[in-house]
Amino acid sequence: MKLYPYLSFKGNCEEALDFYKEALDGHIAQIGRYGDSPMETSEELKDKIMHARLSFGDAMIMVSDVMNDQPLDSSNNVSLSVECDSNEQLEKVFSKMAAGGKITMPLQDQFWGAKFGMLTDKFGFHWMFNCEKKK
């Protein structure tokens, strides 16, 4: 498994991504916009970042703009993203982490080619779990 910090922004994710890229001498490994996804998206959100990955050294951070109606403050703008090696590992870890917490998105196959789910653990921390489908 791997653990990645996931930073959320209220509309200025691209500015932050460019800043972190320059400051950390990084490389944008992936960028996807809300307008590129199959879900209905408002005009003002289409060019905003739905998901991006910034690599630097041996590290990586993930970032996104929250949807327009999603509240955001310093108590919920960071999530921990776990990349699992197999669906079995994903389901086992997700189930254990959900104990006493709240599942905010059940594990489901996603359009980007992975199984993904989110939860808030019993201590109030936000977690994302992802497992890429084998090619």
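The questions and answers below walk through a predicted model, starting with one helix and moving on to its surroundings.

Q: Over what distance does helix H2 reach from its first C-alpha to its last?
A: Helix H2 covers residues 87-98, which makes 12 residues. At 1.5 Å a residue, a span of 16 Å is expected, and the model comes close to that expectation. The distance from the first C-alpha of H2 to the last is 16 Å.

Q: How wide is the arc that the buried residues of H2 cover around the axis?
A: A residue counts as buried when its relative accessible area is under 20%, and in H2 this description applies to Leu90, Val93, Phe94 and Ala98. These residues lie on the same side of H2, because the arc that they cover around the axis is only 125°.

Q: Which residues are exposed on the other side of H2?
A: The buried residues of H2 are Leu90, Val93, Phe94 and Ala98, and they share one side of the helix. On the other side, the residues that are exposed are Glu88, Lys92 and Lys96.

Q: Against which strands do the buried residues of H2 pack?
A: The residues in question are Leu90, Val93, Phe94 and Ala98, which are buried in H2. Their packing partners are strands, namely S6 (102-110), S7 (114-120) and S8 (126-132).

Q: Which residue of strand S7 is the bridge partner of Gln110?
A: Strands S6 and S7 run antiparallel and are joined by six bridges. They form a hairpin with three residues between them, and Gly113 in the turn has a positive phi of about 90°. Within this pairing, the partner of Gln110 in S7 is Ala114.

Q: What is the angle between the ring planes of Phe111 and Trp112?
A: Phe111 is partly exposed at a relative accessible area of 48%, and Trp112 is also partly exposed, at 35%. Their ring centres lie 5.3 Å apart, and the pair is edge-to-face because the planes stand at 80°.

Q: Which residues do ring pairs link into a cluster?
A: Aromatic rings count as a pair if their centres lie within 6.5 Å, and the model has five aromatic pairs by this rule. Some of these ring pairs link residues into a cluster, whose members are Phe94, Trp127 and Phe129.

Q: How far apart, centre to centre, are the rings of Phe19 and Tyr20?
A: Phe19 counts as exposed at 55% relative accessibility, whereas Tyr20 is partly exposed at 24%. Their rings form an edge-to-face pair with 65° between the planes, and the centres are separated by 5.6 Å.

Q: What is the phi of Asp25, a residue that is not a glycine?
A: Most residues other than glycine have a negative phi. Asp25 lies in the loop between helix H1 (13-23) and strand S2 (27-33), and it is exposed, with a relative accessible area of 69%. Although Asp25 is not a glycine, its phi is positive, at about 50°.

Q: Which residue just after H2 takes a positive phi?
A: Helix H2 comprises residues 87-98, so the place to look is just after that stretch. The residue there with a positive phi, of about 80°, is Gly100.

Q: How many residues apart in sequence are the parts that Glu91 and Lys115 tie together?
A: Side chains of opposite charge can pair when their charged atoms come close. Glu91 and Lys115 meet in a salt bridge of 2.7 Å, N to O, in which Glu91 counts as partly exposed at 40% relative accessibility and Lys115 as buried at 18%. Because Glu91 lies in helix H2 and Lys115 in strand S7, the parts that they tie together are apart in sequence by 24 residues.

Q: With which residue does Lys133 form a salt bridge?
A: Lys133 counts as partly exposed at 41% relative accessibility, and it lies in the segment after S8. Its partner is in strand S6, 24 residues apart from it, and is exposed, with a relative accessible area of 53%. The closest N and O atoms of the bridge are 4.0 Å apart, and the partner is Asp109.

Q: How far apart are the closest N and O atoms of Glu43 and Lys46?
A: The structure holds four salt bridges, and one of them joins Glu43 to Lys46. Glu43 counts as exposed at 65% relative accessibility, while Lys46 is partly exposed at 33%. The closest N and O atoms of this pair are apart by 3.8 Å.

Key:
Residues numbered from 1 in each chain as written. Predicted model: local features only at pLDDT ≥ 70, side-chain atom pairs only at ≥ 80, totals over all residues. Heavy atoms only, no water. Phe/Tyr/Trp six-rings, centres within 6.5 Å; stacked < 30°, edge-to-face > 60°. Buried < 20%, exposed > 50% of the residue type's maximum accessible area, 1.4 Å probe, protein only. Helix = DSSP H or I, 4+ residues; strand = E, 2+ residues; numbered from the N terminus. Expected span 1.5 Å × (residues − 1). Arc of directions from axis to C-beta. Contact = heavy atoms within 4.5 Å. Salt bridge = Lys/Arg side-chain N within 4 Å of Asp/Glu carboxyl O. Pairing = 2+ DSSP bridges.
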